Amino acid sequence: PTPTPTPTPTPKPAPQKVLKIGVSLALTNDWTGFNLEKNKWLKLFAKLINDQGGWKIGGDTYKVEMIIYDNQADATKAKTDLEKLVFQDGVKIILDDPVGSPSVTTTVTEPNKVMVLGIDVTNTAADPKNQYYWEPIGMFFGRGLMFVMDREMAAKGVRNYVSVKTDTEMGHWADGACGDTWKVATPEVKYVDSVFYAMDTVDFSPIATKIKSLNPDLIDCNYAGDPRLYKALQDVGFKGIILPSQLNPDQFQAVLTSCGKEFMENWMYFLPDPRVYPNQPPEIVALMDAYTKEYGEFRTAGCMWVSYWFVLKDAIENTQSVDVEAIKKYLDNQPHPVRHLTGWCKLFARPDKENLRTVTGTPADFVAIVKDGKELPFRNVAVKDHYLASILSYGLVDVYKKYWEEY
């Protein structure tokens with residue numbers, strides 16, 4: 001009899017590898033809503049990749065595992081989360097800054113060669129001693145938005161302003177950043193005073209009364225706007241222009257309803273809703289559609305704050321590697337800007353820190369203006385606007401010109 005041929009065994013598919021990405025966010029006590037939205041976007045990014053069978057990188061396929069902890073806005077728990085991510089979960093890539101302070105975070109991440117793509121308002125992350133920390137949303141190069149708005153306001157006849165900020169480290173940083181930018185953008189506009197309010201303020205009437213007594217043409221609330229303050233200002237009879245940092249669609253409608261369109265005329269601020277930006281590329285539109293499909297309603301609070309994901313994704317896809325040193329080499333000399341939800345993001349060197357790695361970034365912005373009760377896209381604030389306006393406002397023109405001429 002003819003022997004039955006032995007069937008060729010079907011090779012088993014190689015086991016799927018796992019790319020762990022660590023995150024710790026203040027999901028409890030998130031008064032801004034930013035962290036809740038960042039959490040949703042990061043989970044969605046992982047899901048979209050995994051639903052397509054994984055991420056093909058350098059001949060292997062990876063499942064993306066977003067390990068996200070809730071640090072409850074508690075610094076001690078945030079530090080514990082960071083240590084757990086590094087020492088227990090074995091994470092080599094961290095998004096955001098778990099502790100919110102690079103000087104603390106890097107005590108854990110640097111010795112263990114763990115990458116952090118974070119956020120820094122303290123200007124410490126760019127210290128040359130740090131080799132594994134990048135800040136795609138570093139506020140150092142973020143002054144172009146203010147520069148553009150300041151000039152527009154001066155053109156509309158504004159001749160003095162009051163700065164209103166939260167009485168926090170972020171608020172005092174923002175007060176200095178805004179003041180420096182007004183000086184170089186519009187030296188003809190007079191600074192009157194700064195007013196700080198506590199984060200737990202509920203009754204804004206006394207704050208509004210104090211501001212009104214200063215009789216400003218404009219109130220600069222960049223980085224610190226609170227819709228309750230705007231109603232209080234209307235109640236005390238303020239008639240000028242407000243720069244409210246940003247208004248998500250719900251906030252815009254609430255202020256419009258409570259204060260009326262005349263009160264909001266010519267307000268200008270960062271436009272957080274990328275759905276109304278002109279000329280969005282198809283891949284970004286697809287992500288917004290996926291968000292709506294996944295969560296049922298589009299929310300804007302987290303859109304700008306997840307640019308670090310796009311920077312990481314670009315580096316992995318261009319290196320075709322998940323090796324920390326390979327990604328580091330790429331990011332340290334980032335060759336091009338990266339498109340994210342609200343514009344472009346580019347990493348730059350910091351010659352003012354004697355740091356020639358491209359470590360500090362800035363996302364491009366889009367400015368909205370309010371006309372006749374409508375929020376309208378006004379103009380793009382490009383990465384170049386941010387970069388040049390920031391250098392000018394810091395008084396670092398000579399340092400950066402020398403850097404550009406040499407490198």
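# A tour of the predicted model

The structure holds 26 aromatic pairs. One of them makes a good starting point: select Trp41 and Phe298, whose ring centres are 6.2 Å apart. Their planes stand at 75 degrees, and planes over 60 degrees apart count as edge-to-face, so this pair is edge-to-face. Where do the two residues sit in the chain? Trp41 belongs to helix α1 and Phe298 to the loop between α10 and α11, so the pair ties together parts that are 257 residues apart in sequence. Keep in mind throughout that this is a predicted model.

**Stop two: a pocket**

Stay with α1, and show residues 34–51. This helix supplies at least two residues of the lining of the second largest pocket, and so does each of α10 (282–295), α11 (307–319) and β12 (338–340). To find the middle of the pocket, select Glu283, Leu287, Trp309, Phe310 and Lys313, which lie nearest its centre among the 18 lining residues. What is the volume of this pocket? It is about 440 Å³. Colour the lining by class and you will have 11 nonpolar, 2 polar and 5 charged residues.

**Stop three: a parallel sheet**

Next come the sheets. Strands of a sheet pair through backbone hydrogen bonds, either parallel or antiparallel. Select β8, β7, β9 and β10, which form an open sheet in that order, with parallel pairing. Which strands stand at the edges? They are β8 (190–197) and β10 (241–243); each has a single partner strand, so one side of each is left without a neighbour in the sheet. From one strand to the next, the twist averages 20 degrees.

Now zoom in on β7, residues 160–166, which pairs with β8 in the parallel sense over 7 bridges. Label Tyr161 and look across to β8, where Tyr191 stands opposite.

**Stop four: an antiparallel sheet**

Select β11, β15 and β16 for an open sheet of 3 strands in that order, this time with antiparallel pairing. β11 (268–270) and β16 (374–381) are the edge strands, and each pairs on one side only. Direction ignored, neighbouring strands here are turned by 30 degrees against each other on average.

Show β15, residues 365–371, together with β16: the two pair in the antiparallel sense over 7 bridges. Within this pairing, Phe366 has Asn380 in β16 as its bridge partner. Then add helix α13, residues 383–394, which packs on the sheet and touches β15 and β16. The direction of α13 makes about 70 degrees with that of β16.

**Last stop: β3 and two partners**

Finish with β3, residues 60–70, and begin with β1, residues 17–25. These two strands run parallel and are joined by 9 bridges. Pick Leu19 and you will find Val64 of β3 opposite.

Then select β2, residues 55–57, which runs antiparallel to β3 and is joined to it by 3 bridges. Which residue of β3 is the bridge partner of Lys56? That partner is Thr61. The hairpin of β2 and β3 has 2 residues between the strands. In this hairpin, select Gly58, which takes a positive phi near 55 degrees.

Technical notes
Residues are numbered from 1 along each chain as its sequence is written. This is a predicted model: local features need pLDDT of at least 70, side-chain atom pairs count only at pLDDT 80 or more; totals for chains, interfaces and linings use all residues. Side-chain values use heavy atoms; hydrogens and water are left out. On a 1 Å grid over the protein atoms alone, a cavity is a set of points where a 1.4 Å probe fits but cannot get out, and a pocket is an open set with protein on both sides within 12 Å along at least five of seven lines; lining residues have an atom within 4 Å of a point. Grid points are joined across faces, edges and corners, and a volume is the space filled by probe spheres set on the points. Helices (H or I, at least four residues) and strands (E, at least two) are DSSP runs, numbered from the N terminus. Ala, Val, Leu, Ile, Met, Phe, Trp, Tyr, Cys and Pro count as nonpolar, Asp, Glu, Lys and Arg as charged, and the others, Gly among them, as polar. Two strands pair if DSSP finds at least two bridges between them. Axes are lines fitted to C-alpha atoms, for helices over the stretch in contact, and angles run from 0 to 180 degrees between N-to-C directions. Contact means heavy atoms within 4.5 Å. Rings of Phe, Tyr and Trp (its six-membered ring) pair if their centres lie within 6.5 Å; planes under 30 degrees apart count as stacked, over 60 as edge-to-face and the rest as tilted.
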